[in-house]
Amino acid sequence: MHQRLEGLRGAESAHSPVYASAAVTSAAATAAAPPRSATEPSAAALRSEKPDLRKDAPVSVVGAGISGAWQALLLARAGRKVTLYERGDRAMTQATSHWAGGMLAPYCEAEGAEPMVGQIGLRSLEMWRAEFPEAVFNGSLVVAHPRDRADFERFAKMTSGHKRLDADGVAELEPALAGRFREGLYFPDEGHVEPRLVLARLHERLIEAGGEIHFESEMTPEHLDGLVIDCRGMAARDKAPELRGVKGEMVVIKTSEITLSRPVRLMHPRWPLYVIPRENNHFMLGATTVESEDELVMVRSALELLSAAYAVHPAFGEAHIVEIGAGLRPAFPDNLPRIAIGNRRVATNGLYRHGFLMAPSLAEKVVAYVERGEIDNQVMRCL
């Protein structure tokens with residue numbers, strides 16, 4: 001059952017490139033370059049714009065969300081002198097990561113995402129397990145009511161890495177759901193993390209590795225010396241105007257009337273809604289994807305999220321609402337990530353709704369480039 005995504009682990013180098021590289025900057029170099037297709041990246045073009053990669057060059061990472069935190073940590077562990085700058089305060093309430101679900105579900109995401117997301121996500125899942133062995137990796141469960149059976153079957157066909165469960169299997173996996181669903185899809189190799197907790201721990205581990213963090217410090221790449229890693233998300237529109245914000249809304253509720261051991265996705269006519277267990281009897285409800293750049297939660301979305309929780313189990317009807325909020329996920333037109341290389345600058349952006357799923361592996365690719373000059377043609381391009 002794992003064949004589809006597992007087979008993609010080694011396919012990265014053979015995958016057709018997603019982005020065309022920019023042309024070599026000098027006219028002479030352009031004239032001397034051999035012909036190549038519009039979609040074939042040129043290593044020479046990338047090298048012509050590469051930043052200062054000397055070992056003694058200071059490294060500044062701008063943006064302390066999940067992408068910036070992972071990149072700063074891995075670079076510090078590689079022996080670089082790293083400073084992480086964040087415009088918000090230590091609580092990170094302005095960051096997109098603050099409103100994330102933290103689901104590490106590369107198999108489930110195959111239902112609607114490009115294969116690249118699964119490839120990157122599989123590697124990230126390994127890195128999350130290694131970095132946070134204490135985190136919850138109990139898999140994830142997909143369920144549906146009879147009226148949404150067609151959506152359930154479509155989801156099953158579009159994904160791999162799952163086990164089909166009957167009603168007894170669902171009850172054994174999640175006793176609280178006994179008698180509520182006739183069948184389910186269990187993805188045993190997936191997991192989830194609590195975004196606010198792990199983000200704070202990544203910051204702590206950066207300091208332990210010798211790095212520095214400056215909160216309430218709004219910087220742009222032009223303000224900094226040495227190598228600059230730009231992880232500003234939507235704030236990087238000054239460099240990447242094609243970015244758009246995709247709103248993700250969430251509700252946090254609290255109840256001791258029900259216990260879940262893993263995220264539960266409920267098939268929905270418009271999108272799969274999920275219920276994610278968190279500490280202290282809290283649950284996050286999310287999965288909305290709204291093409292809007294305001295950060296307000298719509299009444300319709302809140303009603304659908306709360307109704308979905310009630311549809312998973314009526315006990316959620318007695319829960320208390322703790323928090324409602326929304327974050328803007330930065331996305332490029334194709335909803336795929338980019339690592340852009342320019343003069344003294346590397347920019348990672350466009351993680352869309354897969355930030356926690358992809359951030360570790362993308363950070364690893366940045367470190368491989370900085371340390372060894374390795375270029376990943378799937379995600380890297382010239383600025």
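The sheet, the helices packed on it and the nonpolar cores of a predicted model are described below.

Seven strands make up an open sheet of mixed pairing, arranged in the order S8-S2-S1-S9-S16-S15-S17. Strands S8 (212-214) and S17 (380-382) occupy the edges; each has a single partner strand, so one side of each lacks a neighbour in the sheet. From one strand to the next, the twist averages 20 degrees. At the S8 edge, strand S2 (residues 82-85) pairs with S8 in the parallel sense through three bridges, and Leu84 lies opposite Ile213 of S8.

Two helices that contact S2 pack on the sheet. Helix H4 (residues 66-77) touches strand S1 (59-62), S2, strand S9 (227-230) and strand S16 (345-349), and its direction makes about 170 degrees with that of S2. Helix H9 (residues 195-208) touches S2 and S8, with a direction about 130 degrees from that of S8.

The largest nonpolar core contains 52 residues, and Trp70, Trp128 and Ile229 have the most contacts inside it. At least two residues of this core are supplied by each of S1, H4, S2, helix H6 (115-131), H9, S9, strand S15 (338-342) and helix H11 (355-372). H11 provides the largest share, ten residues. When residues up to four places away in sequence are not counted, Trp128 touches Ile66, Trp70, Leu104, Phe137, Val193, Val198, Leu202, Phe356 and Pro360. A second core, separate from this one, consists of 26 residues, among them Ile258, Leu285, Ala309 and Ala315.

Definitions and conventions:
Residues numbered from 1 in each chain as written. Predicted model: local features only at pLDDT ≥ 70, side-chain atom pairs only at ≥ 80, totals over all residues. Heavy atoms only, no water. Pairing = 2+ DSSP bridges. Helix = DSSP H or I, 4+ residues; strand = E, 2+ residues; numbered from the N terminus. Axes fitted to C-alpha atoms, helices over the stretch in contact; angles between N-to-C directions. Contact = heavy atoms within 4.5 Å. Core = buried A, V, L, I, M, F, W, Y, C linked by side-chain atoms within 4.5 Å. Buried < 20%, exposed > 50% of the residue type's maximum accessible area, 1.4 Å probe, protein only.
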